[in-house]
Amino acid sequence: MKKLIAFILAGTLIFGMSVQAFATTYSSATTDLTQTSMDTETSSGTVETETINYTSGGTSSTGVTVSATPSLSGYTVVWTGDVTVSETDDGTATVTFYVDSVTSDSTVVVYAYIDGEWVEVEATVEDGKIVVAGLEDGSVPIAIYVDDESVEAASDSGSTTSSSDSTTSSSDSTSSPQTGEFPVSGTLAVVIAAALAGMLLTQRRRSVEG
């Protein structure tokens, strides 16, 4: 009996060692932008844009640390990046953004990152355009939101710019890699069978000797 118990304990130990272990993994969650570039025009001076995905925060082209864009229910962030206005007549300009998913019936929200926080700025909507007045000379992070229905309708019609060519990060979901693999059930069965066979053989020998 003692030998049987010893065999069973050994089998239990092997079983515990052979259980698959899972390593800890981490995933990033950065929303893809539906529009990966932004065409603009300005009422005076010049305007340049640089696509930077701020949905999880980031660093602007001028080295400013920018917090993550606000989360708005019912809206999709279609574009974020830096807008640089320069050489204007009076220090400000009206900038027109050409947004694929926008129609005159769309609802939009535009944020500018000012003094360390996202501030909503006034914007008007036309077919394919969002117009923002009063942007001052200099560079400022901008985030453009469009209502989900408009984005979905544009996606169905194929008018949105694919984000597959974007340098922005997409949501990465990875499964935990297995750090050890072993045929657990087979090993345990072999151990138990060996223990029983050994016990029976010992009992037979004792019976024959007796």
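This briefing describes the sheet, helix, aromatic pairs, nonpolar cores and loops of one protein structure. The model is a predicted one. One of its features is an open sheet of five strands with antiparallel pairing, and helix α2 lies across two strands, β5 and β11. The structure also holds four aromatic pairs, and its largest nonpolar core has 23 residues.

**Strands and pairing**

- Strands of a sheet pair through backbone hydrogen bonds, in either a parallel or an antiparallel manner.
- The open sheet of five strands follows the order β2-β5-β11-β7-β8, and its pairing is antiparallel.
- The edges of this sheet are formed by β2 (46–51) and β8 (117–121), each of which pairs on one side only.
- On average, neighbouring strands of this sheet are turned by 35° against each other, direction ignored.
- Strands β2 and β5 run antiparallel and are joined by six bridges; Thr49 stands opposite Val83 in β5.
- Strand β1 (residues 39–42) is joined to β6 by four bridges, and the two run antiparallel. The bridge partner of Asp39 is Tyr98 in β6.
- Strand β6 is also joined to strand β10 (residues 129–136), through six bridges and in an antiparallel arrangement. Here Phe97 stands opposite Ile130 in β10.

**Helix α2 and its two sides**

- Helix α2 comprises residues 148–157, and its residues Ser150, Val151 and Ala154 are buried. Seen down the axis of α2, the buried residues fall within an arc of 100°, so they line one face of the helix.
- Glu149 and Asp156, on the other side of α2, are exposed.
- The cover over the buried residues of α2 includes β5 (75–86) and β11 (138–147).
- The helix runs at about 80° to β11.
- Just after α2, Gly158 takes a positive phi of about 80°.

**Aromatic pairs**

- A pair of aromatic rings is described by two quantities, the distance of the centres and the angle of the planes.
- Among the four aromatic pairs of the structure is that of Trp79 and Phe97, which is tilted, with 6.5 Å centre to centre and 45° between the planes.
- Trp79 lies in strand β5 and Phe97 in strand β6 (residues 92–98), so this pair ties together parts that are 18 residues apart in sequence.
- Trp79 is buried, at a relative accessible area of 0%, and Phe97 is buried at 0% relative accessibility.
- The rings of Tyr111 and Tyr145 have centres 5.6 Å apart and planes at 65°, so this pair is edge-to-face.
- Tyr111 belongs to strand β7 (residues 108–114) and Tyr145 to strand β11, so the pair ties together parts that are 34 residues apart in sequence.
- Tyr111 counts as buried at 11% relative accessibility, as does Tyr145 at 1%.
- Tyr54, Tyr113 and Trp118 are linked into a cluster by ring pairs.

**Nonpolar cores**

- In soluble globular proteins, nonpolar side chains tend to be buried together.
- Within the largest nonpolar core, of 23 residues, those that touch the most other members are Phe97, Val99, Ile130, Ile142 and Ile144.
- The elements giving two or more residues to this core are β5, β6, β7, β10 and β11.
- Leaving aside neighbours within four places in sequence, the contacts of Ile144 include Met38, Val78, Trp79, Phe97, Val99, Val110 and Ile130.
- Another core, of 11 residues, lies apart from the largest one; among its members are Ile52, Val77, Val109 and Tyr145.

**Loop residues with positive phi**

- Most residues other than glycine have a negative phi.
- Glu87 has a positive phi near 55° and is placed in the loop between β5 and β6. This residue is exposed, with a relative accessible area of 63%.
- Asp115 likewise has a positive phi, near 50°, and is found in the loop between β7 and β8. Its relative accessible area is 78%, and Asp115 is therefore exposed.

Technical notes: Residues numbered from 1 in each chain as written. Predicted model: local features only at pLDDT ≥ 70, side-chain atom pairs only at ≥ 80, totals over all residues. Heavy atoms only, no water. Buried < 20%, exposed > 50% of the residue type's maximum accessible area, 1.4 Å probe, protein only. Arc of directions from axis to C-beta. Contact = heavy atoms within 4.5 Å. Phe/Tyr/Trp six-rings, centres within 6.5 Å; stacked < 30°, edge-to-face > 60°. Pairing = 2+ DSSP bridges. Axes fitted to C-alpha atoms, helices over the stretch in contact; angles between N-to-C directions. Core = buried A, V, L, I, M, F, W, Y, C linked by side-chain atoms within 4.5 Å.
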